[in-house]
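Trainee: Could you pick one part of this model and walk me through it slowly? I'd like to see how the pieces around it fit together.

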Amino acid sequence: SSNNYTYDHKYILDDTSSDGDVTFSSVKQMTSNSIILWYGHGGYVDEIGPTLLLNENINMRDTYTNPDLLADIVQGAIYVSEVGISGDWYSGDACITSKYISKYCNDLSNSFVYLTACHSAQSDNLANAFIAKGASAVIGFSDVVYCNYANNFVDTFFTKWLTKEYG
C-alpha cells in the first residue's frame, strides 16, 4: 500500500527578508503535514551544535525581567550570536538550537523540513529534534552552503520528486 500525504501547510521561513518571517513565534506555529522551507543563515557552536538564525535581536538586559528567556539561553535552547557587533554590548542576534525545536515546536507529523542554513546538518542534533517532533524527512547542509547552490538544490529536488525522476 502506498501512503498519500496531503501537505496542508507550506512554511517559507526567511531570515533575510524584511518581513521578519523567522521569529520565535513563527517556529512555534509550524504544524503537521507541512513542507517547511527554511531559507536562512546558520552556524555551529561546539557546545550546542547547529544554530538557526532568527530575524530577531535579543537584548541581554531583557533576561533581568524575563526568566523564561534567561532559562532558554542558559539551557542552550537559544543562542545569542554576535553580541556587541552593532555597538550595543548587550544585544545580539537570536538563534535557536535543537533544544528549542524539542521544547517549543508543535507536532510535525508527516512534515518535510529543508534547512538551507549553513552547518544545519553538521551534527544530527537539528534533524533528530525535527524527527522527534514527527517530521518524516529533514535535509540540511554539513558545512557552508551558498544561497545560489541551496536554491538550485531545492528547485531540482522538488522538480525531480514531483515528476518522479529519481535518477
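**A loop and its surroundings**

Mentor: Let's begin with Ser109, which sits in the loop between H3 and E7 (helices, H or I of at least four residues, and strands, E of at least two, are DSSP runs numbered from the N terminus). Before we go on, this is a predicted model, so local features need pLDDT of at least 70, side-chain atom pairs count only at pLDDT 80 or more, and totals for chains, interfaces and linings use all residues. Residues are numbered from 1 along each chain as its sequence is written, and side-chain values use heavy atoms, with hydrogens and water left out.

Back to our serine: Ser109 is partly exposed, at 26% relative accessible area (buried means under 20%, exposed over 50%, partly exposed in between, with a 1.4 Å probe and protein chains only). Its side chain makes a polar contact of 2.6 Å with the side chain of Asp107 (that's a pair of N or O atoms within 3.5 Å; within protein one must be able to donate a hydrogen and the other to accept it, and residues adjacent in sequence count only if both atoms are side-chain atoms). Setting aside neighbours within four places in sequence, Ser109 is in contact with Ser32, Asn33, Lys133 and Gly134 (heavy atoms within 4.5 Å). Its C-alpha atom is also 8.4 Å from that of Ile131, even though 22 residues along the chain separate them.

Those partners bring us to helix H4, residues 125–132, where Leu126, Ala129 and Phe130 are buried. Looking down the axis of H4, you'd find its buried residues within an arc of 95°, so they line one face of the helix (the arc uses directions from the helix axis to the C-beta atoms). Their cover includes strand E4 (49–59), helix H3 (98–104), strand E7 (112–115) and strand E8 (137–139). After H4 comes Gly134, with a positive phi near 110°.

Now for the loop that leads from E7 to H4. Thr116 is in that loop, and at 7% relative accessibility it counts as buried. The Thr116 side chain reaches the backbone oxygen of Trp38 at 2.9 Å, and one of its polar atoms lies 3.2 Å from the backbone nitrogen of Gly40. Beyond neighbours within four places in sequence, Thr116 has contacts that include Tyr39, Phe141 and Val145. His119 shares that loop and counts as buried too, at 17% relative accessibility. Among the residues that His119 touches, leaving out those up to four places away in sequence, are Gly42, Tyr44, Pro50 and Phe141.

Finally, rings. The structure holds nine aromatic pairs (rings of Phe, Tyr and Trp, its six-membered one, with centres within 6.5 Å; planes under 30 degrees apart are stacked, over 60 edge-to-face, the rest tilted). For Tyr100 and Tyr104 the centres are 4.6 Å apart and the planes at 40°, so that pair is tilted. Both lie in helix H3, four residues apart, about one turn of the helix. Tyr100 is buried at 2% relative accessible area, while Tyr104 is partly exposed at 22%. Phe141 and Tyr149 have ring centres 6.1 Å apart and planes at 75°, so they pair edge-to-face. Phe141, the contact of both Thr116 and His119, is buried at 11% relative accessibility. It belongs to one aromatic cluster with Phe112, Tyr114, Tyr149, Phe153 and Phe157.
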